Amino acid sequence: MIRFKDVSFAYKEGKWAVRHINFVVNKGEFVSIIGGNGSGKSTIARLSDGLLLPQEGSVFVDEMDSRAKKDEFLIKEKVGIVFQNPDNQFVGTTVEEDIAFGLENIGIERVEAKKRIQQISSLLGIEKYLHDSPSYLSGGEKQKIAIASVLVMQPDYLVMDEITALLDPVSRKEVLNLVHSIAENKNIGVLYITHITEEVINSDKVLVLHNGEKINEGIPAVILQDMKLLRSAGVASLPSIIISEDLRKHGIIDTSFIDEEGLVGLLCSN
Amino acid sequence: MKKRSFFGQYNFSDSLLCKLDPRVKIVLVFSIVVFLFFVKTISGYMLLLLFSIFLILLAKSKISDVFRSLAPILFLLLFTVLFQLFFTPGKVVYSFLFLKITSEGIYLATYIAMRLMLLSFFTFVLTATTSNIELTDGFESVISPLKIVRFPTEDVALMISIAMRFVPVLFEEATRIMKAQTSRGVLFNRGSLMQRARSFLPLLLPLLLNAFNRADQLAIAMEARGFVVGKARTKYREMRIKKIDLLFIFLFILVMIASIMVRNI
């Protein structure tokens, strides 16, 4: 598991980017972090695989402390991280070379690397791009390649730092579905960071961040109904919740829905 | 999506030259480029020109693309040719005002023009038939003996590879910034030379800042994927010298000897 134990981190002395953060991501679990700009989301992403080291508290990955120099490399193998802008992550001049980069770093031999690249590209449906330059693909395709480049290293945990922020709604949905299916099929623990409320609906657990502090944690059904909480965190509430609340005030319905289908179904049956 | 080519005109093809080992291509092209400086006759250059055309055809490249590759050195080519043509002392064959064309000038101008064109043609063949990553892998392998003196060959090769990958990205970004600045009233093509140079500041500054930002993010992403400077890495791509490579080595040596021999005929 990835365990944050009372973690605090500051880029500048005295100005905390994150403060007293506690949470756990188990293998096979999908944990989302939601918050507005400057809430500390990306700092948590970087703390989770040892790219940043906590100034207070500890981050453990399968009980290895991220500050232990001897485990530094192993932690990076166990925790894969995908960032917002895929263009800034590509190293190779072709998709295949880019996917191979991580494998070369962790000492995987050619035959095994070829097998893994074949498997991962087939899983993500990117075989046809293997010999293309990543620069000329669409945003969704680029992000799939960034995911493949990390997934091919067979990590136990995936950290996704606002990976859909630059995508159109269709690509966003496609990438999100892909991440959910990977997490389920490969039993990978996912830490999914976003500012888009719709994306956390199917998570096992949601953490709400504001000004570097965790202001709440719970299952989506509870967290997403709390419009005041979301507003204070600087993120939008779900349209289905906003409409449900209005209808509730007018006495038309007596419950709120986080999914549009449920709300539409109830209204139609009435 | 359509592939665009910049200085690396490489396009995937089934040409014979694409199948050659990149190390062999690098060494051969480097050797022939150095060799150009030892050829002393126009007939020797003509032989090399025919050989370069043969290679270009073998690479399945268009002749128009080859001439387009001359564009970056066109100014240098013209300047050198004109300088040699008008300022070489010797037997005057034509004069106009203070300009004098000498027979020695014509000879030298042709000689230098041929040398520059051949240099461009041979490097074109290399870049048209070798992908960037093959080039860097080949380069890394060629300079690998420098490891003995602790030269970081792998890191240098990776640095070159990343720089090559970022060329189209930065090019697109420059175009985007240029459009944004044009929409805000910056005129890149008007005014005196000084004004034009100054108008490029609003392009260069954001481009530079973005490049630093990208470099920073790339470094983080590389570290996250297990990259450690100086740490041994496995090699995904395989390089093997085949019979066809040996055949081309023989052919190059033959052509180089012949172009020297031509002088003595």
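Which elements do the buried residues of H3(A) pack against? In this predicted model, the buried residues of H3(A) pack against H4 and H5 of chain A, together with helix H6 (132-142) of chain B.

**Helix H3 of chain A and the contact with chain B**

H3(A) is mostly covered, with 11 of its 11 residues buried. The buried positions include nonpolar names such as Val95(A), Ile99(A), Phe101(A) and Leu103(A). Glu96(A), Glu97(A), Asp98(A) and Glu104(A) are also buried in this helix. A residue counts as buried here if 20 or more other C-beta atoms lie within 10 Å of its own C-beta atom. After H3(A) comes Gly107(A), with a positive phi near 80°.

The contact between the chains involves 36 residues of chain A and 28 residues of chain B. On the chain A side, helix H2 (72-78), helix H3 (95-105), helix H4 (110-124) and helix H5 (139-151) each give two or more residues. H3(A) provides the largest share of that side, seven residues. By class, the side of chain A that touches chain B has 15 nonpolar, 13 polar and eight charged residues.

**The six-stranded sheet of chain A**

Chain A has an open sheet of six strands in the order E6-E7-E8-E3-E9-E10, with mixed pairing. Strand E6 (79-82) and strand E10 (213-218) of chain A stand at the edges with a single partner strand each, so one side of each has no neighbour in the sheet. On average, and with direction ignored, neighbouring strands of this sheet are turned by 15° against each other.

Within this sheet, strand E7 (residues 157-161) and strand E8 (residues 189-194) of chain A pair in the parallel sense over five bridges. Val159(A) stands opposite Leu191(A) in E8(A).

Two helices of chain A lie across strands of the sheet. Helix H1 (residues 41-48) of chain A lies across strand E3 (30-35), E6, E7, E8 and strand E9 (205-210) of chain A, and runs at about 155° to E7(A). Helix H6 (residues 169-186) of chain A lies across E3, E7 and E8 of chain A, at about 160° to E8(A).

**Antiparallel pairs in chain A**

Strands E1, E2, E4 and E5 of chain A take part in the pairs below.

| Strand pair | Sense | Bridges | Opposed residues |
|---|---|---|---|
| E1 (residues 2-12) and E2 (residues 15-25) of chain A | antiparallel | seven | Val7(A) and Ile21(A) |
| E1(A) and E4 (residues 56-61) of chain A | antiparallel | five | Lys5(A) and Ser58(A) |
| E4(A) and E5 (residues 64-65) of chain A | antiparallel | two | Phe60(A) and Asp65(A) |

E1(A) and E2(A) form a hairpin with two residues between them, and Gly14(A) in the turn has a positive phi of about 85°. E4(A) and E5(A) form a hairpin with two residues between them as well; there Asp62(A) in the turn has a positive phi of about 45°. Ile2(A) in E1(A) has Val61(A) in E4(A) as its bridge partner.

**Nonpolar cores**

In soluble globular proteins, nonpolar side chains tend to be buried together. The largest nonpolar core of this model has 77 residues, and Met160(A), Val190(A) and Leu191(A) have the most contacts inside it. H5(A) gives the largest share of this core, six residues.

Leu191(A), the residue opposite Val159(A), also links several parts of the sequence. Not counting residues up to four places away in sequence, Leu191(A) touches Ile2(A), Val25(A), Val31(A), Ile33(A), Ser48(A), Tyr157(A) and Val159(A). Another core, of 23 residues, lies apart from the largest one and includes Val29(B), Val39(B), Val66(B) and Leu118(B).

**Chain B**

How many helices and strands are there in chain B? Chain B has 10 helices and two strands, in the pattern α-α-α-α-β-β-α-α-α-α-α-α along the sequence. Its domain assignment gives domain 1 (1-130 + 240-265) and domain 2 (153-229). The centres of domain 1 and domain 2 of chain B, taken over C-alpha atoms, are separated by 31 Å.

Along the principal axes, the C-alpha atoms of chain B fill a box of roughly 65 × 60 × 40 Å. Of the 265 residues of chain B, 22% count as buried. Among contacts in chain B with a separation of 6 or more, 75% are between residues 24 or more positions apart.

Notes: Residues numbered from 1 in each chain as written. Chains lettered and ligands numbered in written order. Predicted model: local features only at pLDDT ≥ 70, side-chain atom pairs only at ≥ 80, totals over all residues. Contact = placed C-beta atoms within 7 Å. Helix = DSSP H or I, 4+ residues; strand = E, 2+ residues; numbered from the N terminus. Pairing = 2+ DSSP bridges. Axes fitted to C-alpha atoms, helices over the stretch in contact; angles between N-to-C directions. Domains from an automatic or database assignment. Core = buried A, V, L, I, M, F, W, Y, C linked by C-beta atoms within 7 Å. Buried ≥ 20, exposed ≤ 12 C-beta atoms within 10 Å, placed from the backbone.
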